[in-house]
Amino acid sequence: MTRSTGALPTVIAAFMLMLPPSLMAHVQQERSEPEHESTVDGSPERIAVWFDQDLRLVSFEVSGPDGPVALRRRPERTLTRHFETAPSSTLAPGEYTVQWRGLAEDGHVMLDEFRFSVR
Ligand SMILES: [Cu+2]
């Protein structure tokens, strides 16, 4: 009769799961223009986002079928609940993605995106 002498792999989770900080205090994208997953007829006159809390917007980038889109206005890094800009030239038909990044008042980095199509 064989007898197992192998030690049980007593793997003790010696670390605690580091839970992410509560999302409650964090900034959400409330709405956007164009709306997320919407289709607009022709090039939109403005591209805008609203947040549910103040945010220090650091970057706001639009990309489409022809790559990055030049914008008339850039974020100013001041605390704001709203940012809007416009494409510098007419947007060609296609899918566009808007990615923004900013700092919540507590300094945490927030980011999100919305997408729309131009036809
Ligand atoms: Cu935070």
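Pro-34 sits in the loop that joins strand S1 (29–33) to strand S2 (38–40), and it is a good place to start looking around this predicted model. The peptide bond leading into Pro-34 from Glu-33 is cis, with omega near -5°.

Stay in that loop for a moment, because Glu-37 also belongs to the connection between S1 and S2 and counts as exposed, with 9 C-beta neighbours inside 10 Å. Its backbone deserves a look too: Glu-37 is not a glycine, yet its phi is positive, at about 65°.

Now move along the chain to the loop between strand S4 (67–68) and strand S5 (79–85), where you will find Arg-77. Here again a residue other than glycine has a positive phi, with Arg-77 near 65°. Arg-77 has 13 C-beta neighbours inside 10 Å, so it is classed as partly exposed.

From the loops, let us turn to the interior. The largest nonpolar core has 17 residues, and the members touching the most others are Leu-55, Leu-57, Tyr-96, Val-98 and Trp-100. At least two residues of this core come from each of strand S3 (47–64), strand S6 (94–103) and strand S7 (109–118). The biggest contribution is that of S3, which gives 6 residues.

Trp-100 makes a handy viewpoint for seeing how these parts meet. Setting aside neighbours within four places in sequence, Trp-100 is in contact with Val-49, Leu-57, Ser-59 and Phe-60, and also with Leu-111 and Asp-112. One of these partners, Leu-57, is itself among the core members that touch the most others.

Conventions:
Residues are numbered from 1 along each chain as its sequence is written. This is a predicted model: local features need pLDDT of at least 70, side-chain atom pairs count only at pLDDT 80 or more; totals for chains, interfaces and linings use all residues. Helices (H or I, at least four residues) and strands (E, at least two) are DSSP runs, numbered from the N terminus. A residue is buried if 20 or more other C-beta atoms lie within 10 Å of its own, exposed if 12 or fewer, and partly exposed in between; C-beta atoms are placed from the backbone. A nonpolar core is a set of buried Ala, Val, Leu, Ile, Met, Phe, Trp, Tyr and Cys residues joined through C-beta atoms within 7 Å. Two residues are in contact if their C-beta atoms, placed from the backbone, lie within 7 Å.
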